[in-house]
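Reader: I am new to protein models. How do I read the features of one?
Author: Let us look at one together.

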Amino acid sequence: MQTPSHTRILRTPDFAGAALGLILECHDQAIAERGLFRLGLAGGSTPRKVYEQLADLNDRIRWEKTQITFGDERCVPPDHADSNFRMANESLLSKVPIPQGNVFRIQGELPAPEAAALCERQLQAVATRFAEERYRHDLLLLGIGEDGHTASLFPGSAALLEATKNVIPATGPKPPPQRVTFTFPLINASRTVAFLVNDPAKDAIVAEARSGQHPSGKVSPVDGEVVWILGERK
Ligand code: 6PG
């Protein structure tokens, strides 16, 4: 797998600022071209500061024209400490005037197959509206784990082989093990995918991923770009 032809590397001490700049760039273009900004949020801990600063941009974002999805979710209730939705809700969604119907929460409190199927239907309804084969994110934010996983696509997992569905159950070594994840077909339908990495301990795994290794290295938008936003120490 070749690394995507369109790849940008933003190595910066202003990690959150660079991420916000990309979010605004994609937001403005999407709303100008399609009247809707489809933003996928990454889970884990890295994005929290970005989401907190995004919330402070409140009136700069057309929240009524923004759709929020989640690259993966842990199979826990939305108020659980491990919930990716809870992190995004605390840092961003509870602070901005986004209509509830614009937030496509993966319902981690349900059995994973049911939660995945519900999300799949939500995405497909929008894709149909836009005459797309599958839902196209304008910007999908992702993290990378120290084993090279992204979303909940872990090395050696059967989920890596999914070639049709957009959202599926998955398991992984990073607790909690039961999850729901976006698949490569959905990820690679994005216009822009941005990896948010703000930990120098991940430099080696990032370099390997950029050479096509690991699940993260298989992110290669069919008609889009990959942006690596790499925080560096001041
Ligand atoms: C998850 C995330 C996962 C995360 C990476 C990085 O649900 O765990 O989706 O893919 O982005 O593991 O996590 P950190 O940002 O906490 O290092």
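We take the ligand, then the pocket, then two details of the backbone.

Author: One caution before we start: this is a predicted model.

Reader: Where do I begin with the ligand? Which residues come nearest to the ligand?
Author: Start with the neighbours. Here 15 residues surround the ligand. S45, T46, D72, H149 and A151 come nearest.

Reader: How does that shell divide into nonpolar, polar and charged residues?
Author: Sort each neighbour by class, then count. Around this ligand, two are nonpolar, eight are polar and five are charged.

Reader: How do I read a polar contact?
Author: Look for a pair of N or O atoms within 3.5 Å. Then ask whether the protein atom is in the side chain or the backbone. H149 uses its side chain: one of its N or O atoms is 2.7 Å from a ligand oxygen. A151 uses a backbone N or O atom, also with 2.7 Å to an oxygen of the ligand. For R179 the side chain supplies the N or O atom, and the distance to a ligand oxygen is 3.2 Å.

Reader: How much of the ligand does the protein bury?
Author: Compare the ligand alone with the ligand in place. Alone, the ligand exposes 420 Å². The protein buries 90% of that area.

Reader: Which pocket does the ligand take?
Author: The ligand takes the space of the largest pocket. That pocket has a volume of about 310 Å³.

Reader: What lines the largest pocket?
Author: Its lining has 23 residues. G43, G44, G143, H149 and K174 lie nearest the pocket's centre. By class, the lining holds seven nonpolar, 10 polar and six charged residues. H149 appears again here; its side chain also makes one of the ligand contacts above.

Reader: Now the backbone. Where is the cis peptide bond?
Author: Check the omega angle. From P175 to P176 the bond is cis, with omega near -5°. P176 belongs to the loop between β6 (167–171) and β7 (178–182).

Reader: Which residue has a positive phi although it is not a glycine?
Author: That is A131, with phi of about 55°. A131 sits in the loop between α4 (112–129) and β5 (139–142).

Key. Residues are numbered from 1 along each chain as its sequence is written. This is a predicted model: local features need pLDDT of at least 70, side-chain atom pairs count only at pLDDT 80 or more; totals for chains, interfaces and linings use all residues. Side-chain values use heavy atoms; hydrogens and water are left out. A residue is near a molecule or strand if one of its heavy atoms lies within 4 Å of it. A polar contact is a pair of N or O atoms within 3.5 Å; within protein, one must be able to donate a hydrogen and the other to accept it, and residues adjacent in sequence count only if both atoms are side-chain atoms. Accessible areas come from the Shrake-Rupley method with a 1.4 Å probe; for residues, only the protein chains shown count as cover. On a 1 Å grid over the protein atoms alone, a cavity is a set of points where a 1.4 Å probe fits but cannot get out, and a pocket is an open set with protein on both sides within 12 Å along at least five of seven lines; lining residues have an atom within 4 Å of a point. A molecule sits in a cavity or pocket if more than half of its atoms lie within 2 Å of its grid points. Ala, Val, Leu, Ile, Met, Phe, Trp, Tyr, Cys and Pro count as nonpolar, Asp, Glu, Lys and Arg as charged, and the others, Gly among them, as polar. Grid points are joined across faces, edges and corners, and a volume is the space filled by probe spheres set on the points. Helices (H or I, at least four residues) and strands (E, at least two) are DSSP runs, numbered from the N terminus.
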